Structure formats: structure tokens, C-alpha cells
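Take a slow look around this protein model before you read on. We'll start with one residue and then work outwards to whole helices, strands and chains.

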Amino acid sequence: MKIMQPLAITAKTMVNACGKGSAKTLDALIRNQSGLSQQQFAGVDFDTWIGEVKGVENLSLEPELAHFSCRNNLLARMALDTDNFRESVDEAVAHYGAERVGLFVGTSTSGGAETEKAYEYALQHAGVFPDNYQLMNSQNLASLQNYVEQSLGLRGPGHTISTACSSSSKVFSAAYRHIVSGQCDAAVVGGVDSLCLTALYGFNSLQLISNQICRPYDENRNGINIGEAAGFILLEAAELGHGKVKFKGYGESSDAYHMSTPHPDGDGAVKAMNDAISRSGLDTKAIEYINLHGTATRNNDAAEALGLLRVFGDSAYCSSTKGFIGHTLGAAGITEAIISILALEKNILPGNVNLQKIDPQIGIQPLIETIDYSVENVMSNNFGFGGSNSSLVFGW
Amino acid sequence: MAVYINDISVIGPGLVESEETHAILCGEKQWADQDMGQLKPDMLPANERRRTTAVIKLALKCIQGLLRDQDDLNTVATVFASSDGDLDIVDKMCGALACEKKIISPTLFHNSVHNAPAGYWSIASSMKGPSTSLSAGDASFVCGLLEAVTQVEVDGGTVFFVAYDYPAPQKLDQYRHSDYPLAMAFRLSNIAEHKVLGTIKLEGVESGGKVSKCRNKSLEALRQALPIGCGLPLVEALSRRARMDVVMPYLRDEVYRLTISH
């Protein structure tokens, strides 16, 4: 497997249940303070915890882009307007030209909440949909890409990846390939998913939603909490990113096993992790922390732990950060990539918040609390429905 | 680096039998709308197949035509591109969620992910390589093809690229109308295999400019029926082993030019 030419992370931004901006997430990690709440999401009639971003409903899109209005794109705008991200992209556009900056985003449900509302409205209005409902600007997966492209003034190549919970992890490899093959010089990668009934009731139908705060890797874990989030990163050639964390490796695989259950031996996860390590050119031992997918379902955590043991033994530090922000589905990849980058930059290793008693059956020892510790290289794992696996390596 | 297209597969109304499809794509026979009937992607075990939808069956039936005995199931990658995914599931799910008792079946939910066809394909074929499912709205065909070509260029090996779309159910048709379903699949590789159909070269983006039309004029109705129909002039050129440029709609108001050579 060819060793990858690293790309520099030259800007990043995130919003999630821990707050707006990387500093808020970092603060929550350091304080071991979960952003999840027991508050009900409108229309949901079962008990669970959610990772809601506060204040989204009070936002609006740029007047000329108002036709893209939906919770998902509002979350996207909230992130684009945070952490000086827009200014960094403006500089990249000035440097490379708008045609040479690609855009690769991930989402699982896009603006599907608008369609849910339109059907509810139609049920009460003799089957007539609301006047302002626009399927292509909300429900369609490319709505996010089209909105962000126009909001940032980009004119390069790009697409919207939708592979369930690995979506915005796989944007990194897509951007890398487009840059290396000469389709663009730099790329914005990102992911956005927003709370909707489809995700909440869908996962509930599979009995994968917890009625408690989610506890990845706990003996008593019983499912996920759905969260919403947006995150973006600017990727540029490594020589331009002196002193910046690098994206060093990717591995992608398919389980070929089941639509909604991971391979019990973690086979697909192992292949994704090994390929990411191979492409990074690093020794396995050089990767000292793994941000786990760790959803807190019985099956995911058991299979991922087995996969981790097969690749790393029991020596590497690891944790799932879903106890802080919930499972943000199509935004999980980018969110956890940024958390992994923050770990490198701020010399911390995030704890596995809400974990009370490590499941003795699983054989790995996630960090329960965040520690001060400096590492050179980390991995971030994301695995999705349909057996879609993606692992990324970041490092100095 | 040269990227070869070693095989293609097309499924659509009037394009179900491979010999007849080849004759139509070579311009030797007229295309006529004919119901596809119940597609049966027989590589998927019957118990799994029963759970799939018409959209999933269409994508699977098309891609399964590309698999060869010698394929390394651990490394062949797949790219699935569809603008709209499965709007029939969206209709069923949002219909159920609008009701007092919001009851969704687990199967309906796991089928609702955009990568459901890719997941079933991996189960059907035992392929464990990388797999991407994407959309780029009306530019889904070209953006999916770009993803597949860059995978061959950068990661090497063989990539199956399948583009598919399906008409919306009645309630959503007013927002996204298409006359016909269609799926097209391409076997791309960095090596020329026996019976290679052509070499593909990405020429790049052009602002404005006319998109390619079908050489077989009877196929024009299908090309214009849905956004991914823009790929038909490409499969025609490959079927005839023609050297030519193909211009297709891209992002924004731009078009994208490819050259097919040998």
C-alpha cells in the first residue's frame, strides 16, 4: 500500500452539544462534562437523552441563500461562522483560486426534517404540502454541498458522501485523492447532521436507543444517544502547514456481513485500521491513542474492542467521546477527527465520559477521565450501517 | 496514469437483456420503453433480497454484471452514485412519522441509508474493499465518475462505479420528476483487461457548452428523463469502442469533458 503524502489541517471549526467552537468542546473534554441532556426533542414520545445544539432555530441563512433553509444548513452556517473558518477559506480561495478548492461533505439525513414537517402539514391539509417546502434544497443530500459551496464561494470539485455513520470520515480520503490526482489543490471537508424524527425513531425501531445517558464500553451500556453536529476542516499541502497537525493515513473497508450489525470479530474494522496505518507509513506502536467509534450499543463496542485488540493489543490509549456529544451520525467522522486533532494540539487524551464500570468482557481499557498526555500520532474510527468502515490517522 | 474501462453494464426500461442492450447502445436497434419487470439480483441470497426495494434491486442487478471470478474480493472498491437515493422509503417513513403512532419497521430504516445498495452488494458479493456512496444532485454521474477515476489513479486496482436513480413516488414527483429509472455500471482499472472497452481521460471543466447527445436518437428520451441519463452517450461510445469526447453536465452551470480513446 502506497504511503500517503500528508496534508496539513490549516483550519477547523465545530459545533455540537458541548457548544459553538473548538474551545467549547475542548473545555468540556477537560472538565469531563457531557453536553447531552434529557430534554425531549419535539414530537418524540419515548425517553432518551439527546445532544442538541442550542440556538439553531434562531439563526438564518444568508438572504441570497435563504432557499437552502433547513436545520441542517443552519447548523452548517453556525460552524462556518465560527473559529475564523470562513476567513481561512477566503485566504485559501485567494491563494489557489475558487476553482482549485474542493468541497467534500458528509451527511446521513441532510435536511430530511423538512420533509417530515411537510408530511405532517400535508396530513392536516388534505394532502397539500406547504408552499415553502423544497425537496432538492433540503431532503436531497447535495443540499448541504450546494449551500456550503455557495456560502464559501468555492468552485472546485466535490460531492456529498452518505455512508451512514462513516460519512464525514470518508470525506478525508476523497479530498486526498482529488488533490493528489490534480483535480484541486486544497479542499474543505466536513460533515453535518441534525436531529430529526427519522434518526430517532429509526434507531429506536432497532432497539438501539438508550433511555439513559449513553455509556460507551460500560458493562451496563444499552444503546446510543442521538446528537447533532457540524464540523469543517481545511486541508492543504503539508509544506504550507508548518507547525500544523497532519492528516496522515486512511483506511476504508466493507464488512460484507449485515446491514445493521457489525461483523462480530471486528474484521472490517481491522482492515480499515490496518490500511490506515499502512498508508501513514507509521509503526503500529507509533499510534498511541485511538478515538473509538464507541456508540454504546452492545454489538458495536464488543466488535470494535475485538478489532482494536487484534491491531493494537491492549497497549494503546483509547476512548469513545460519544458520551460528550452523542452519536452525531453523518457528522461523527468530522467531529471525532477534530477531537483527535485537539488531543494532539492541546496535549490531552479525552476521557470516555459517563463510563462507570468497564465491561470486563471486552478486554480493552478506555480512559475514563481526560488526562494530560502528549502523543505524536492518533487514530479516529468510524463505522456505519451497511458495514461501511473508515479509519483515519492524524499526527505531527 | 491511464484509467481503463474494462466493462460496462446498463439496466433500465427496455435495457434488461444484455445482448439487446448492446445492440441498442451500438445503434443497431431502436430503444423503446419496456417495463423492466421485477428485477432479480440473484447474487443476493433470497432472504436478504426479500427485504430490498426496487431501487436497491436496480443498483444490484446492474453492478453484479461486472464481477469476474478472478476479482480479489478484499481489494476491489465500489463507488455508488445517486442523486435522490430511495425517495419511496422517504415517502413511507415520513408518512409513518406524521401519524400519531410513529411506527417504522427496522428494515425500512436500515434500507433508508444512502449506502443501502452498497451494503447489500457487499453482502451479495463478499467484497470487503472500500466502498463510497455519494450524491451531487444533478451532477451525481460526473462527480461519482471523478471519485472512481481518482480512486484508480491514487489507490490503484479495480473500482466498480455504479450510477442509478429511480422516479419519485407520486407525492414527491412534483418536486423531482423523472420519467424512467436507469442504472449504469463501469469496471475501471489501472490495467487493461482482455476485451477492454477504452481509456478514459478527464479533460476538465468548461463553463457553458453543449452536453453530448445520444448517437442512437431513440435513446434521447431516456437520456433526458433523469440527470444521470447524461452517462448514456458515454456507454454508447464504449459499446461501439469509439474514440470521442463526451461532455456531461457538472456542478453549478458547468459541463465536464472526458475523452475516450484506446
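Leu238(B) has 21 C-beta neighbours inside 10 Å, so it counts as buried. The word has a fixed cut-off here: a residue is buried if 20 or more other C-beta atoms (placed from the backbone) lie within 10 Å of its own, exposed if 12 or fewer, and partly exposed in between. You'll find Leu238(B) in helix α9 (residues 232–239) of chain B. Helices (H or I, at least four residues) and strands (E, at least two) are DSSP runs, numbered from the N terminus.

Before going further, some housekeeping: this is a predicted model, where local features need pLDDT of at least 70, side-chain atom pairs count only at pLDDT 80 or more, and totals for chains, interfaces and linings use all residues. Residues are numbered from 1 along each chain as its sequence is written, while chains are lettered from A and ligands numbered from 1 in the order in which they are written.

Back to Leu238(B). Which residues is Leu238(B) in contact with, leaving aside its neighbours within four places in sequence? They are Ile5(B), Ile8(B), Leu197(B), Gly198(B) and Ile260(B). Being in contact is a matter of C-beta atoms, placed from the backbone, lying within 7 Å. Glu28(B) sits 210 residues along the chain from Leu238(B), and their C-alpha atoms are separated by 14 Å.

Now hop over to chain A and compare three loop residues.

| Residue | Loop in chain A | C-beta atoms within 10 Å | Status |
|---|---|---|---|
| Asn32(A) | between α1 and β3 (50–51) | 16 | partly exposed |
| Ala256(A) | between β9 (246–254) and α8 (267–280) | 22 | buried |
| Asn347(A) | between α11 and β12 (348–349) | 12 | exposed |

Ala256(A) has a positive phi of about 55 degrees although it is not a glycine. Asn347(A), not a glycine either, has a positive phi of about 55 degrees. As for Asn32(A), its C-alpha atom is 6.9 Å from that of Gly351(A), although 319 residues separate the pair in sequence. Beyond its neighbours within four places in sequence, Asn32(A) is in contact with Gly351(A), Val353(A), Glu369(A) and Thr370(A).

Next, a pair of helices. The axes of helix α1 (residues 22–31) and helix α11 (residues 332–346), both of chain A, come within 11 Å and cross at roughly 75 degrees. These axes are lines fitted to C-alpha atoms, for helices over the stretch in contact, with angles running from 0 to 180 degrees between N-to-C directions. α1(A) and α11(A) are therefore roughly perpendicular to each other; that label covers 65 to 115 degrees, with under 35 being roughly parallel, over 145 roughly antiparallel and the rest oblique. Where they meet, α1(A) brings Ser22(A), Thr25(A) and Leu26(A), and α11(A) brings Ile338(A), Ile339(A), Leu342(A) and Lys346(A).

Helix α2 (residues 71–80) of chain A is mostly covered, with 10 of its 10 residues buried. Among them are Arg71(A), Leu75(A) and Met78(A).

How about strands? In strand β5 (residues 158–161) of chain A, Gly158(A) and Thr160(A) point one way while His159(A) and Ile161(A) point the other, and all are buried. In a regular strand, side chains alternate between the two faces of the sheet. Strand β4 (residues 101–106) of chain A runs parallel to β5(A), joined by four bridges; strands pair if DSSP finds at least two bridges between them. Leu103(A) has Gly158(A) as its bridge partner.

β5(A) also pairs across the chains: two bridges link it, in the antiparallel sense, to strand β3 (residues 131–135) of chain B. Here Ile161(A) stands opposite Leu134(B), and Thr160(A) stands opposite Ser135(B).

How many residues of chain B are in contact with chain A? There are 48, and they touch 49 residues of chain A. On the chain B side, α7(B) gives the most, with eight residues.

Finally, zoom out to chain A, which has 11 helices and 15 strands. Its radius of gyration is 20 Å, close to the 21 Å that the globule rule gives for 396 residues, so chain A is as compact as a globular protein of that length. The radius is taken over C-alpha atoms, and the rule is 2.2 Å times the number of residues to the power 0.38. Buried residues make up 67% of the 396 residues in chain A.

Technical notes:
Two residues are in contact if their C-beta atoms, placed from the backbone, lie within 7 Å.
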